[in-house]
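Visitor: I am new to this structure and would like a close look at one part of it. Could you take me through the aromatic rings and their neighbours?

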Amino acid sequence: MDKLKLWQATLAQLQLSVSRAEYSLWFTKTEIKNISKEADRQTVQISCQNQYIADKLAKNYSGQIKEILDSLTKEANSLTFNVSKPIIKNTNQGPLFSFDAHKEKINLISQSLNKARINPECTFENFAVASTNEMAYAAATAVSNQPGKAYNPLFLYGGVGVGKTHLMQAIGITLLHREPQTSILYCTGEEFTNEIIEAIRGKTTGYFKRKFRNVNLLLIDDIQFIAGRATVQEEFFHTFNAIKQMGGQIVMTSDRLPEQIDGLEDRLRSRFEGGLTIDIQEPNFELRTAILLIKAKQMGEDLPMEVAKLIATHVASTRKLEGVLVRVISEKGLRKKQLDTDLVLSILKKTDIQNGQKPRSLATPDKIIKIVSDFYQLKSADLKGTRRVKHIVLPRQISIYILRSDLKLPYQEIGRIFGGKDHTTIMHSEAKIKTMLLSNEKIKQELQQIRKNLF
Ligand code: ADP
Ligand code: MG
């Protein structure tokens, strides 16, 4: 059998055992360059398109290929994988072989993302930046530019839905686009825990170690989960050290600071704190608006700004933002309605009722300020202004209090509405009215009346 026929026969058998995607990714444009024989050993030289593929074949497929070649040639073959220009045209072409380099790279990246279970939408481009997350964003981009060097480990912490997972995955995506051969592993602290427990039980810790310690970038989401479990922490400690020693990068997220994670061993805590620790705060109103616009665009919708702002005013959590947006868009499609503020208001009301809550007040900040100023026979501009005379200050504080308690707007956003006031001023106003309400009957009644006017 000549080289060409032998390789065709080998590929034909390989196709039976590997997936279509694997096959097209790794075996496209491979061929047997040379067969040489010495004593009782035969060497088969396989040429590949590039070094990455040659390494991949040597590492993952040489056993399989050897088995097929041995049985076809009735020889004990040893294999080499090299890079070289094709010397023969592969006649066994099909659609699988019509690849160009760019397509192949994109394919490789999307395969790697898939394998690492990274959501390809979680890019830096799709991440809106505001004061609450700009530090984390800057650190994450720095890490993606200089993995293993800039900040190692990078430890991001913050509440639910603030974008920790998104940023962490963006690092992986950026790195893969620049260096498609980077090996990346993303998993949650919970998955890490389960895998190590399973490995110990099934006596496969060797596999576990190879899997986790040989990566260039390890992304562990919600690391707090490993706390309190001695064997898991032990394993993570060694994983951490091994990766760092080889110049790899580690990124972790958590819902709190390392020092606040109960049951976390000191040696891990000190390692977690040895790089850069950054918090991400709850998204403010502007950021929520920006996130909505980005998400809508991803869903192929052109969201009007006033609609985005209305949703951002009434929905505080990022996760819920997405939920409301999906409802708005699907309702629009189903009922052939306009994507406008009325549609959003009706959906917000429905959502409240479905959640067993009393429908929230859907007043806008401007409406609240207007009603308070009418009640005290002032102008909205007085309340939003800076004059500090008593007959204006108290109504101003009352409207701040209502914006806070009824719309749950963040301090910064209320500060912005009131002409750029500092958030501490807003906090002070809220606290002041809260205290007055405990003892001052007159204020209590006025507030009741204002609320009646409002709703
Ligand atoms: P966390 O991991 O902190 O709980 P996620 O990263 O899962 O939060 O974010 C929740 C959702 O909000 C995701 O869909 C994410 O894409 C989106 N999101 C959060 N912050 C931003 C942001 N700054 N820009 C764009 N989308 C964001
Ligand atoms: Mg997360």
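Guide: Happy to, and let us begin with one ring: Phe-124 is buried, as its relative accessible area is 8%, under the 20% limit for that word. Please keep in mind that this is a predicted model. A second ring to find is that of Tyr-137, which is partly exposed with a relative accessible area of 25%.

Now for how rings pair up. A pair of aromatic rings is described by the distance of the centres and the angle of the planes. The count here comes to 12 aromatic pairs. In one of them, the ring centres of Phe-124 and Tyr-137 are 5.7 Å apart and the planes stand at 85°, so this pair is edge-to-face. Phe-124 belongs to the loop between α4 (101-116) and α5 (134-145), while Tyr-137 is in helix α5, so the pair ties together parts 13 residues apart in sequence.

Phe-208 and Phe-212 give us a tilted pair, with 4.6 Å from centre to centre and 35° between the planes. These two are about one helical turn apart, because they are four residues from each other in helix α8 (residues 205-213). Both Phe-208 and Phe-212 are buried. They also belong to a cluster linked by ring pairs, together with Phe-155, Phe-192, Phe-236, Phe-240 and Phe-272.

Finally, some rings have a charge for company. The charged end of Arg-267 sits over the ring of Phe-237, 4.0 Å from the ring centre. Over the face of Tyr-411 you will find Arg-404, at 3.9 Å from the centre of that ring.

Note on methods:
Residues are numbered from 1 along each chain as its sequence is written. Chains are lettered from A and ligands numbered from 1 in the order in which they are written. This is a predicted model: local features need pLDDT of at least 70, side-chain atom pairs count only at pLDDT 80 or more; totals for chains, interfaces and linings use all residues. Side-chain values use heavy atoms; hydrogens and water are left out. Rings of Phe, Tyr and Trp (its six-membered ring) pair if their centres lie within 6.5 Å; planes under 30 degrees apart count as stacked, over 60 as edge-to-face and the rest as tilted. Buried means under 20% relative accessible area, exposed over 50%, partly exposed in between (1.4 Å probe, protein chains only). A charge sits over a ring if NZ of Lys or CZ of Arg is within 6 Å of the ring centre and within 35 degrees of the ring normal.
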